[in-house]
Amino acid sequence: MLLIAALTACGSKEATGASGKFNSIEQIKKNGKIRIGVFADKPPFGYVDAEGKNQGFDVYIAKQFAKDLLGDESKAEFVLVDAASRVAYSESNKVDIIMANFTVTDERKEKVDFASPYMKLSFGIVSPDSAPITDIEQLKGKGNKLIVAKGTTAETYFTKNYPNIELLKFDQYTEIFAALKDHRGAAIANDNTELIAWAKSNPGFTVTIPEFGGQDTIAPAVAKGNKELLDWINQELDTLGQKKFIHEAYKATLNSVYGDGFTDQLVVEGGKIQ
């Protein structure tokens, strides 16, 4: 009976960790695919193009993960998530890795395990040129609403540090930008990298506060307790760092938006912040 139980455990499709079940690397290889959670509406980091294909900085790196683990980048199965669902998708074993521009925070560390970072960023604020918000104090009272995406670090930051600023919250990134264009809010707070990219392609809007709240990092995340996959990702990022692969990903997906001058401010190579 003990032998049968052991054999059954070895044949199990899932391992059990601190936050539930997850696929082992062996099972991922048996499945012939690795499920990676990405954004559908956050260019240039994760989006679906006109042909229905996943594109962006996060996606570029994720495809390399699939190639190095399974021998073919097409074996990355992209699962579309929004900001608020990233943790839940990991906890419920709907994805193996979250690569949806996921900012590392202490609160999230309690629910998922983060690998080494591949990007660094800060908060920013974008507002209309006709009514620029150049100081956070301008958002206090006066009927000004600050637009944020649910489940983001920007939402958490303002809820904690500026409880007297009224937040207008939406699930999708497309919704927050539509709300700013419709004048439902005075400004958007989000990752500065995202806002700079959007403002460059939307005349009439400027990132009027380009940096505040300190420096954060973006990293892949796995289900809590999935040390095997976590260790593999960290080793992968280290190996890719020796080839300057994240710089390659930047050049292929972000350079047209930010230019060469933004590389050092954004890229983290080999999981090591310079």
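Visitor: Which residue of S6 stands opposite Val48?

Guide: In this predicted model, Val48 has Asn54 of S6 across from it.

Visitor: What makes strand S5 and S6 a pair?

Guide: Pairing requires at least two bridges between the strands. Strand S5 (residues 46–48) is joined to S6 by two bridges, so the two strands pair, and they run antiparallel.

Visitor: Why are S4 and S6 called edge strands?

Guide: The open sheet has three strands in the order S4-S5-S6, with antiparallel pairing. Strand S4 (41–42) and strand S6 (54–55) each pair on one side only, and therefore they are the edge strands.

Visitor: Happy to move on to the helices. Why is H3 called roughly perpendicular to H9?

Guide: The axes of helix H3 (residues 57–70) and helix H9 (residues 227–242) cross at roughly 105° and come within 11 Å. Angles of 65 to 115 degrees count as roughly perpendicular, so H3 is roughly perpendicular to H9.

Visitor: Which residues meet there, and how do they divide into nonpolar, polar and charged?

Guide: From H3 come Gln64, Phe65, Asp68 and Leu69; they meet Trp232, Ile233, Glu236, Leu237 and Leu240 of H9. The residues of this contact divide into six nonpolar, one polar and two charged.

Visitor: What is the mean pLDDT of the protein?

Guide: The mean pLDDT is 92, and 93% of the residues reach 70 or more. Over residues 1–12, though, the pLDDT is below 50, and this stretch has one contact in the model beyond near neighbours in sequence.

Visitor: Good to know! How should predicted coordinates be read where pLDDT is low?

Guide: Where pLDDT is low, predicted coordinates should not be read in detail.

Note on methods
Residues are numbered from 1 along each chain as its sequence is written. This is a predicted model: local features need pLDDT of at least 70, side-chain atom pairs count only at pLDDT 80 or more; totals for chains, interfaces and linings use all residues. Side-chain values use heavy atoms; hydrogens and water are left out. pLDDT is the predictor's confidence in each residue, from 0 to 100. Contact means heavy atoms within 4.5 Å. Axes are lines fitted to C-alpha atoms, for helices over the stretch in contact, and angles run from 0 to 180 degrees between N-to-C directions. Helices (H or I, at least four residues) and strands (E, at least two) are DSSP runs, numbered from the N terminus. Angles under 35 degrees count as roughly parallel, over 145 as roughly antiparallel, 65 to 115 as roughly perpendicular and the rest as oblique. Ala, Val, Leu, Ile, Met, Phe, Trp, Tyr, Cys and Pro count as nonpolar, Asp, Glu, Lys and Arg as charged, and the others, Gly among them, as polar.
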